[in-house]
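Visitor: Hi! I'm new to looking at proteins, could you walk me through one?
Guide: Happy to, let's put it on the screen.

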Amino acid sequence: MTIPVLTIDGPSGAGKGTVSRLVAKQLGWHYLDSGSIYRSLAIAVLQQSVDVNDVAEIVKIAQNLALEFECNDELTVKLNGEDITAQLGLESTGAVASVVAAVPQVRQVLLQKQKDFRQLPGLVADGRDMGTVVFPDAIHKVFLTASASQRAGRRYKQLKEKGIDANLSHITSEIEERDRRDRERETAPLAMASDALYIDSSDMGITAVIEEVLSLIR
Ligand code: C5P
């Protein structure tokens with residue numbers, strides 16, 4: 001039996017995380033936040049003070065990445081038993097994640113870890129290459145985006161709500177830089193799958209986006 005997968009790809013800050021989590025909850029399906037895997041690798045690299053250009057060492061860390069995920073209303077991630085959830089959302093973590101994620105061998109090593117999330121009764125997978133590389137046979141695919149200024153504004157609000165100090169113009173330029181790196185890399189770049197539903201959420205509330213995604217499945 002083929003286990004159903006709904007992939008939600010798109011640039012950072014488009015609301016993929018919130019939409020995916022809530023849709024997974026409504027459907028009673030599992031949830032994969034693939035960005036958190038790359039972010040966890042970035043934290044491990046930073047903790048071990050490894051140079052972000054030292055590919056051999058980063059691949060070794062990726063091979064030994066011991067992660068535990070727990071998703072209730074929020075996602076909790078443990079790295080070697082240590083709760084790293086608070087560090088996951090930092091812009092500095094995202095920036096290093098997008099550098100290590102551009103290394104083809106790293107993507108290869110982390111591929112199976114992501115495929116393992118495909119379990120009954122189904123999976124909602126959120127990322128950049130879920131519909132194109134990791135689950136190309138997914139039956140439902142969405143590409144969720146929004147304007148860069150909207151995405152930066154949402155990120156800013158999220159960080160402020162978490163009590164994290166943030167600067168809007170800094171976030172905007174970091175988002176633009178990360179988008180550029182994710183779109184231009186050679187391996188598994190951020191791109192819309194040809195069979196994906198395109199949703200621009202710039203002028204949509206979260207409920208409308210969730211309704212549109214769910215209508216795809218119903
Ligand atoms: O989605 P999130 O912002 O958490 O992802 C952090 C970084 O991880 C992205 O900027 C991207 O470089 C990388 N990533 C990726 N492929 C995915 C998910 C995330 O390359 N499927």
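Guide: We'll go from the whole chain to some single residues, keeping in mind that this is a predicted model.

Visitor: Cool. How many helices and strands are there in the protein?
Guide: The protein has ten helices and eight strands.

Visitor: And how compact is the protein?
Guide: Its radius of gyration is 16 Å, close to the 17 Å that the globule rule gives for 218 residues, so the protein is as compact as a globular protein of that length. If you like box dimensions, the C-alpha trace spans about 45 × 45 × 35 Å along the principal axes.

Visitor: What share of the residues counts as buried?
Guide: Of the 218 residues, 38% count as buried. The chain also brings distant parts of the sequence together: among contacts with a separation of 6 or more, 75% are between residues 24 or more positions apart.

Visitor: What does UniProt place at residues 7-217?
Guide: An unreviewed UniProt entry gives the feature "domain: Cytidylate kinase" for residues 7-217. That stretch is 52% helix and 16% strand. Its end C-alpha atoms are 12 Å apart.

Visitor: Let's go inside. Which residues touch the most other members of the largest nonpolar core?
Guide: That core has 26 residues, and Ile8, Leu123, Val124, Ala125, Val142 and Leu144 touch the most other members. Elements that each supply at least two residues of this core include the strands β1 (5-9), β6 (123-127) and β7 (140-145), along with the helices α1 (16-27) and α10 (206-217).

Visitor: What does Leu123 touch?
Guide: Setting aside residues up to four places away in sequence, Leu123 touches Ile3, Val5, Trp29, His30, Leu32, Phe117 and Arg118.

Visitor: Which residues are in the second core?
Guide: The second core is separate and has 14 residues, among them Ile37, Leu41, Ile58 and Ala62.

Visitor: New topic: the ligand. How many residues surround the ligand?
Guide: The ligand is surrounded by 14 residues, and the closest are Gly35, Tyr38, Ser98, Ala101 and Gly127. The elements giving two or more residues to this shell are α2 (34-47), α5 (91-100) and α9 (168-184).

Visitor: Which of them gives the most?
Guide: That's α2, with four residues.

Visitor: What classes of residue are in that shell?
Guide: The shell has three nonpolar, six polar and five charged residues.

Visitor: Which residues does UniProt list for "binding site"?
Guide: The unreviewed entry lists Gly10, Pro11, Ser12, Gly13, Ala14, Gly15, Lys16, Gly17 and Thr18.

Visitor: Let's pick Pro11. Buried or exposed?
Guide: Pro11 is buried, because 20 other C-beta atoms lie within 10 Å, and 20 or more is what a residue needs to count as buried. You'll find Pro11 in the loop between β1 and α1. Leaving out its neighbours within four places in sequence, Pro11 is in contact with Thr145, Arg151, Asp179, Asp182 and Leu190.

Visitor: And where does Thr18 lie?
Guide: Thr18 lies in helix α1. With 15 C-beta neighbours inside 10 Å, Thr18 counts as partly exposed.

Visitor: Any odd backbone spots? Which peptide bond is cis?
Guide: The peptide bond from Leu120 to Pro121 is cis, with omega near 5°. Pro121 is in the loop between α6 (104-115) and β6.

Visitor: And what about the phi of Asn80?
Guide: Asn80 has a positive phi of about 50°, although it is not a glycine. Asn80 is in the loop between β4 and β5 (82-83), and is partly exposed, with 13 other C-beta atoms within 10 Å.
Guide: Ala188 is not a glycine either, and has a positive phi of about 45°. Ala188 lies in the loop between α9 and β8 (197-200), and is buried, with 20 other C-beta atoms within 10 Å.

Visitor: One last stop: where is Lys78?
Guide: Lys78 is in strand β4 (residues 75-79). Lys78 and Glu68 are ten residues apart in sequence, and their C-alpha atoms are 5.1 Å apart in space. Not counting residues up to four places away in sequence, Lys78 touches Leu67, Glu68, Asp83 and Ile84.

Methods: Residues numbered from 1 in each chain as written. Predicted model: local features only at pLDDT ≥ 70, side-chain atom pairs only at ≥ 80, totals over all residues. Near = placed C-beta within 6 Å. Nonpolar A, V, L, I, M, F, W, Y, C, P; charged D, E, K, R; others polar. Core = buried A, V, L, I, M, F, W, Y, C linked by C-beta atoms within 7 Å. Buried ≥ 20, exposed ≤ 12 C-beta atoms within 10 Å, placed from the backbone. Contact = placed C-beta atoms within 7 Å. UniProt positions renumbered as here; feature names shortened; annotations may be inferred. Rg over C-alpha atoms; globule rule 2.2 N^0.38 Å.
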